[in-house]
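Student: I would like to learn how to read pockets, cavities and cysteines in a model. Can we work through one?

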Amino acid sequence: MKRNNILFKSAIILLLLIGLLLRCYFTEWNKPLTGDEVGYNKMVYQLLDKGIYGYTPYGTSITPNAFTTPGYPIFLAICYSIFGYHNGNPPIMQIQLFQILIQLICSLLLYLIATKLFSRRIVGLLVMACYLLHPTFILSSSYILTETLYGLFNLLFIFLLIHSINKKNKTILFLLGFTFGVCILIRPAILPFLFILIFYFFIREKDKKLKYKLMDSVFLIIGFFVTMLPWWIRNVISLDKIVLLAEQAGNPLLWGAYPNNPFPDIDPLMKPEDMGKIAINRIINGFKNEPFTYLEWYTWGKLRYLVEDIFPGTSYITKDYFRSIHIISVILGVIGLIFMTIKRNLSSGLILFMFFLTNILVYLPFAPVSRYFYSALPLCLIGLGQLFYFLVTFRIDLNKTSSVNKNPRL
């Protein structure tokens, strides 16, 4: 047993070292900022120098706004304050290093999740290896975007979710709601899952009294409200209006309103509320005049874009053969998640599958970019863990059967 512990610890350290070296090698250190990175950079400078929280794509917001939620901008502001940002030079390399560290922590969280779910450390190691070797997670830490930070709290939420199902107590439920709130402050689209989770808690334990089910939901909601309340208060004070999440939805909604055209010619400086109006008109008219085209686009059409391309696809390690491996692993992962939902002895499977579906469906109305599949990919790796578990236990059962056949009882 002691020897096995040493072997597993050595394997974890080796995987972390390989993951670190791969990220250091493939990271585009001090890369020029592009796209949303430009807006985040200008936003942080403005926040630190003038105390104005506001985001404008490719520009600087003169007045406060709630275009984007504050999770990632606050993270960047802390990094800028610690590492310095003088003479117009943001600490890109330091943030990239910090995000690489976050990626390694994420791999450990995924190891703990898989080990907890399947009670096999070898399965946890295999899932951890898939995470550390996947191009999405190798390359994404290079970018000054929400994915890496969101990935950390997304996996922490999954970790707490599994524990809350197996052992419900007030502290875990509060932390579950709190962590979910942090996820929303980084990327708000996943909010509908909160209602699914509350409903799941109500229907899962049929014999439990209603008042105890209500208490479970209350502590979950309190944790969520504690996280979100400062943002809501800020919006009322600074903007004189209630903004629960963010006002940027019109932007990605319009970018996703052009069937089979992921890069339409849109003015990025247009006001988000104007974008939203144009998008809704396009969608309504589109479903009226071309129902089959728009139905296909808002289902399989966008899903294809989400899954086919590896985010971020700017390196030679995302060439066609890696893309094929990625697509196959996603398909197998979904099969594994489905298999988890039908296993009676693994009650976590259903809620994880629902979380996976939510992570997909909430992004279908918006722009079809592979960034939006980032949060669903770790769940696919957990699904792969189910298939790994099946292979491991099948081999053990096969060996036992072989042993019995060789030594039959008289």
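Tutor: We take the empty spaces, then the cysteines. This is a predicted model, where local features need pLDDT of at least 70, side-chain atom pairs count only at pLDDT 80 or more, and totals for chains, interfaces and linings use all residues. Residues are numbered from 1 along each chain as its sequence is written, and side-chain values use heavy atoms, without hydrogens and water.

Student: What volume does the largest pocket have?

Tutor: Rolling a probe the size of a water molecule over the atoms shows where empty space is left. On a 1 Å grid over the protein atoms alone, a pocket is an open set of points with protein on both sides within 12 Å along at least five of seven lines; in a cavity, a 1.4 Å probe fits but cannot get out. Lining residues have an atom within 4 Å of a point. Here the largest pocket has a volume of about 1,400 Å³.

Student: Which residues lie nearest its centre?

Tutor: Asp36, Ala367, Val369, Arg371 and Tyr372, out of 45 lining residues. Helix 2 (36-50) and helix 11 (250-255) each supply at least two residues of that lining.

Student: How many cavities of 30 Å³ or more are there?

Tutor: One. The largest cavity has a volume of about 50 Å³. Its lining includes Thr136, Asp309, His326 and Tyr374.

Student: Why does Cys130 form no disulfide?

Tutor: A disulfide is a pair of cysteine sulfur atoms within 2.5 Å. The Cys130 sulfur is 11 Å from the closest cysteine sulfur, in Cys380, so it is too far for a bond. The whole structure has zero disulfides.

Notes: Grid points are joined across faces, edges and corners, and a volume is the space filled by probe spheres set on the points. Helices (H or I, at least four residues) and strands (E, at least two) are DSSP runs, numbered from the N terminus.
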